Amino acid sequence: MNADTFKIRRFVVAGINGQFGRVLARKLISSGASICGIDVQSSATEPSLCDRYICSSIANLTEAAMQEIADSDYVLLCLPEHVILEALPRLCEIMRDDSLLIDIASVKSRIRDTLLKIGARVGYLSIHPMFGPMDDFSEQSIGLVPMYENPRLRSFMGMIPAWGASTIELTADQHDTLTAFVQALPHAAIMAFGSTLVRSGLTFEMLLKIATPIQKIMLALATRVVGGQRDTYWSIQTANPVAGIVRNELEEEIRAISDIAIKSNFDDFSLKLDAVQKFLSPSRQALEELADACVARAKFKDPS
C-alpha cells in the first residue's frame, strides 16, 4: 500500500505518549496520515509525531477531544484493556459509522462482549502486536481481530504488511486461546522456574558457578520477565480467560513428568519427548539453529 492512501485521513492516537503509541504513530506518519495525539500529560512526549495534541483522558473526554474524535476517520487506542472498556460506550456514541475504532489490547473477548452489549455500529478492529514496542516490524507478527466490518477496516488491515509485519486474522475467542499458550504459558513457566530457585536456599552465585548454557538462558529469560513491565505480565496472567486453564495444564504436565521419573519409566519418558518432537517438526531445523545460537551466546560469567 502506498503512502498516498492515508494522506487525507485523520487519525486520533489515544495514548500517544506511551511506547506503542509512539511506535504506531511513526508507522502512520510513514503512510502519510494526519495525526491528533491524545494523552493525559500536558504535552506530547514527541511533538513531531502529531499535527495536533490534546490533553485529555479517553474515558473522560474534553470537548476538544470529543470534537476531534467525531471528525476523525480512525481512532487508535494504545491503552490498557480496562481503560478501553470504560471508554467504549462514549466513543461508539460520538464516532461516525463509517469511521474505524482500533485497539491494541492483549485480550479480545471482553471487548467483543462490550461492543455487543452497547450495540456498536462503528467499524471496529482489534489488533495485537505480538512483540514489544519497537520500530522494526520485520519478522514480527500482529494478530488481527475484525469485530465490525466496514471499508476502512480492510484498508487499515491492508496497510500493516507494508510495515514489515506478518498478520493472522482471528476471532476474539481464537485470539484469547492462542495468546494464553503463546504468552501466559511461557511466562508462568519462567516465573515458576525463578521462584523454584528462590525456594532452593541456594545462592545465585553458587548456581551460576556450575550453570549449563540452558540454565543461563533460563536465567536470562527470568531476568527479562521480572525486570519488565509488571502490569503487562500481570494482565497476561489475570485478564486472559484461558490463562488459568493453561496454567493448570502446565501443572499437570509437570506432575506427569515427575510421576514418570519416580516410576523410572524410560519408555513413557521417550514417548512424551517423541510427541513434543513431532509437534515441533515443521520448524525443527530452524528451531535447532536458534537453540544453537542461544547456547553459543550463553557465556555470562559470575561478575565476582
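User: What makes the space lined by Ser106, Val107, Thr179, Ala180, Gln183, Ala184, Ser235, Ile236 and Asn240 a lining of the largest cavity?

Analyst: In this predicted model, those residues count as lining because each has an atom within 4 Å of a point of the cavity, a cavity being a set of points on a 1 Å grid over the protein atoms alone where a 1.4 Å probe fits but cannot get out. Helix H6 (172-199) and helix H9 (230-238) each give two or more residues to this lining, and the largest share, four residues, comes from H6. Residues are numbered from 1 along each chain, local features need pLDDT of at least 70, and side-chain atom pairs count only at pLDDT 80 or more, while totals for chains, interfaces and linings use all residues. Side-chain values use heavy atoms, with hydrogens and water left out.

User: How many cavities of 30 Å³ or more does a search of the whole structure find?

Analyst: The search finds one cavity of 30 Å³ or more, and the largest cavity has a volume of about 40 Å³, where volume means the space filled by probe spheres set on the points.

User: How do you know how the residues lining the second largest pocket divide into nonpolar, polar and charged?

Analyst: A pocket is an open set of points with protein on both sides within 12 Å along at least five of seven lines, and the second largest one holds about 1100 Å³ of space. Among its 21 lining residues, Leu185, Pro186, Ala189, Val276 and Leu280 are the closest to its centre. Ala, Val, Leu, Ile, Met, Phe, Trp, Tyr, Cys and Pro count as nonpolar, Asp, Glu, Lys and Arg as charged, and the others as polar, and the lining divides into 19 nonpolar, no polar and two charged residues. Helix H10 (243-262) gives the most to this lining, with six residues.

User: Why is phenylalanine 279 called exposed?

Analyst: Phenylalanine 279 has a relative accessible area of 67%, and exposed means over 50%, so phenylalanine 279 is exposed. Phenylalanine 279 lies in helix H11.

User: What makes Val276, Phe279, Leu280, Leu287 and Leu290 a nonpolar patch?

Analyst: A patch joins nonpolar side chains within 5 Å, from residues with over 30% relative accessible area and no salt bridge. Val276, Phe279, Leu280, Leu287 and Leu290 form such a patch on the surface, with about 500 Å² of accessible area together. Helix H11 (266-280) and helix H12 (284-297) each give two or more residues to the patch, and the largest share, three residues, comes from H11.

Notes:
Patches are made of residues with over 30% relative accessible area and no salt bridge: like charges are joined within 9 Å, nonpolar side chains (Val, Leu, Ile, Met, Phe, Trp, Tyr) within 5 Å. Accessible areas come from the Shrake-Rupley method with a 1.4 Å probe; for residues, only the protein chains shown count as cover. A salt bridge is a side-chain nitrogen of Lys or Arg within 4 Å of a carboxyl oxygen of Asp or Glu. Buried means under 20% relative accessible area, exposed over 50%, partly exposed in between (1.4 Å probe, protein chains only).
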